[in-house]
Amino acid sequence: MVNVPRLVIAAPASGSGKTTVATGLMAAFAARGLAVSPHKVGPDYIDPGYHSLATGRPGRNLDAYMCGTDLIAPLFAHGSAGCDLAVVEGVMGLYDGASGQGELASTAQVAKLLRAPVVLVVDASSQSRSVAALVHGFASWDPRVRIGGVILNKVASDRHEALLRDALDESGLPVLGVLRRAPQVATPSRHLGLVPVAERQGDAVDAVRAMGERVRAGCDLDALMALARTAPALPDEAWEPAYALGASVRGPRPVVAVAGGAAFTFAYAEHAELLTAAGAEVVVFDPLRDEKLPAGTAGLVIGGGFPEMYAPELSANEPLRRAVTELALGGAPVAAECAGLLYLARELDGKPMCGVLDAEARMSERLTLGYREAVAVSDSALAVAGTRMRGHEFHRTVLEPGAGATPAWGMHQPERRVEGYVQRGVHASYLHTHWAATPGVARRFVEHCRAR
């Protein structure tokens, strides 16, 4: 049984202030000495970085599209084990999910799967009495979604607040917080959303502290905690990486080097946990700073991030580029997603990269974004041909050619195409995947590393 008090922070639409409120609540409750478990609905990597900074715990994603609905509660239980409170930040508007697939992967669906009360964050900057109609509509749309209260954001003045509170008195939902306009708390954005924590360091710490202070001053934390405690126990066992992998692991522990640092910040915590459970020794390295791969590296995982922002620095680190190239050309297992794909290319925006793949990458004005259904085209260090996975694409770069002689994936949604590269031990693609959905890929990868 999972009996962690929990809240889902949602909004009528993107841009309402969910991240500020959710991160601020995490920081405010953590400052009270509570162990707070941070979660994010959807595939986003960046917000969990701020959540982790606020709580001191890994920010974890709950994505019903990539992982399936059956894994949401177990993954939540895994992440929140031993915590006093869990705060789940929603995605987009409360009822927005995977395009054309109803409620799938929406905040509303995850709230129902977790049986968690929802706090609706409303941007009140351009309304007064109409706020009651808005809140009533969201609260009554799906009776299985329990909205337990409202936090009013971007409130202009005392008079504005009074008008909003009077209107909401008729809705029957309590106002759990009022936040005034405070642009100084805003976090900078660029082409793929917020700037990640790893790139802001001290500024990110200051921003999270400011969010916590703002929420603590404007919200009724006691009432929010009381609401969180109304969440009933979940009859689900926690997801465990060793159990997910099945049979026990025996044999030597190969070193799997995982790219990190400011250029490679996109990673799901469960990936490293699965690699470890599969028998690997996971060692993080920074391609911006480290001139050598970790000693004894038998396999390499290069996830997503922003190599386009650091192309000159990545290119200048010639010793590491040579080490990566030698490892890959020697047949070592290499799993590369998005940023990792670009790093393995011949060049990125004219700057030399590793040259493992005979392809060139460049920035583009076009945003590629959305969930994908994919099937492995051929056997690789990650998967056998025919393995089906769901993933997510999110980039403003173009790789030419987009697929090698042996592609990584055949895509089936939203259009049919092949994508990525499989050559020697390399599996490189734009597709971000969540290995908890298909843990066998971690076992297969480590087995290939062990066989070297």
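## A guided tour of the predicted model

Start with the largest nonpolar core, which has 112 residues; select I9, L94, L114, L152, L224, L275 and F445, the members that touch the most others. Then select helix α1, residues 18–31: seven residues of this core come from α1, the largest share. Keep in mind throughout that this is a predicted model.

Now centre on L152. Which residues does L152 contact, leaving aside neighbours within four places in sequence? The list is V122, A124, V131, L164, L168, V175, G177, V178 and L179. Apart from the largest core lies another core, of 40 residues. To find this second core, select V324, L342, L344 and L357, which are among its members.

**The seven-stranded sheet**

Show the strands β3-β2-β4-β1-β5-β6-β7, in that order. They form an open sheet of seven strands with parallel pairing. Its edges are β3 (60–62) and β7 (175–180), each pairing on one side only. On average, neighbouring strands here are turned by 25 degrees against each other, direction ignored.

Zoom in on β1 (residues 6–10) and β4 (residues 85–89). These two run parallel and are joined by four bridges. Pick R6 and look across to β4: A86 stands opposite. Next, add α2, which packs on this sheet and touches β2 (36–41), β3 and β4. The direction of α2 makes about 170 degrees with that of β2.

Stay with this sheet for one backbone detail. Select K154 in strand β6, residues 147–155. Phi of K154 is near 60 degrees, a positive value in a residue other than glycine. K154 is partly exposed, with a relative accessible area of 28%.

**Two enclosed helices**

Select α4, residues 72–80. Nine of its nine residues are buried, so α4 is largely enclosed by the rest of the structure. The buried set includes H78 and S80 as well as I72, L75 and F76. Step past the end of the helix to G82, where phi is positive, near 80 degrees.

Move on to M92, in the loop between β4 and α5. Most residues other than glycine have a negative phi. M92 has a positive one, near 50 degrees. Is M92 buried or partly exposed? M92 is partly exposed, with a relative accessible area of 36%.

The loop leads to α5, residues 107–114. Seven of its eight residues are buried, so α5 too is largely enclosed by the rest of the structure. Colour the buried ones: T107, A108, Q109, V110, A111, K112 and L114. Just after α5 comes R115, with a positive phi of about 50 degrees.

**The six-stranded sheet**

Now show β11-β10-β12-β13-β21-β20. These six strands form an open sheet in that order, with mixed pairing. The edge strands are β11 (281–285) and β20 (421–423), each pairing on one side only. The twist averages 15 degrees from one strand to the next.

Go to the β20 edge. Three bridges join β20 to β21 (residues 426–429), and the two strands run antiparallel. Select V422 to find its bridge partner in β21, H427. Then show helix α16 (residues 440–450), which packs on the sheet and touches β10 (255–259), β12 (297–302) and β13 (334–337). Its direction makes about 145 degrees with that of β12.

Cross to β10. Five of its five residues are buried, leaving the strand mostly covered. In a regular strand the side chains alternate between the two faces of the sheet. Turn the view along β10: V255, A257 and A259 point one way, V256 and V258 the other way. Five bridges join β10 to β11, and these strands run parallel. Select A259 and look across to β11, where F285 stands opposite.

**The second largest pocket**

Select T265, F266, A267, Y268 and A269. Of the 42 residues lining the second largest pocket, these are the closest to its centre. The pocket holds about 810 Å³ of space. Which elements give two or more residues to this lining? They are α2 (46–55), α8 (197–200), β10, α12 (269–277), β11, β12, β13 and β21.

**Last stop: a cis bond**

Finish at E400 and P401. Most peptide bonds are trans. The bond joining E400 and P401 is cis, with omega about -10 degrees. P401 lies in the loop between β17 (388–400) and β18 (409–413).

Conventions. Residues numbered from 1 in each chain as written. Predicted model: local features only at pLDDT ≥ 70, side-chain atom pairs only at ≥ 80, totals over all residues. Heavy atoms only, no water. Core = buried A, V, L, I, M, F, W, Y, C linked by side-chain atoms within 4.5 Å. Buried < 20%, exposed > 50% of the residue type's maximum accessible area, 1.4 Å probe, protein only. Contact = heavy atoms within 4.5 Å. Pairing = 2+ DSSP bridges. Axes fitted to C-alpha atoms, helices over the stretch in contact; angles between N-to-C directions. 1 Å grid on protein atoms, 1.4 Å probe; cavity = no way out; pocket = protein on both sides within 12 Å on 5 of 7 lines; lining within 4 Å. Points joined across faces, edges and corners; volume = space filled by probe spheres on them.
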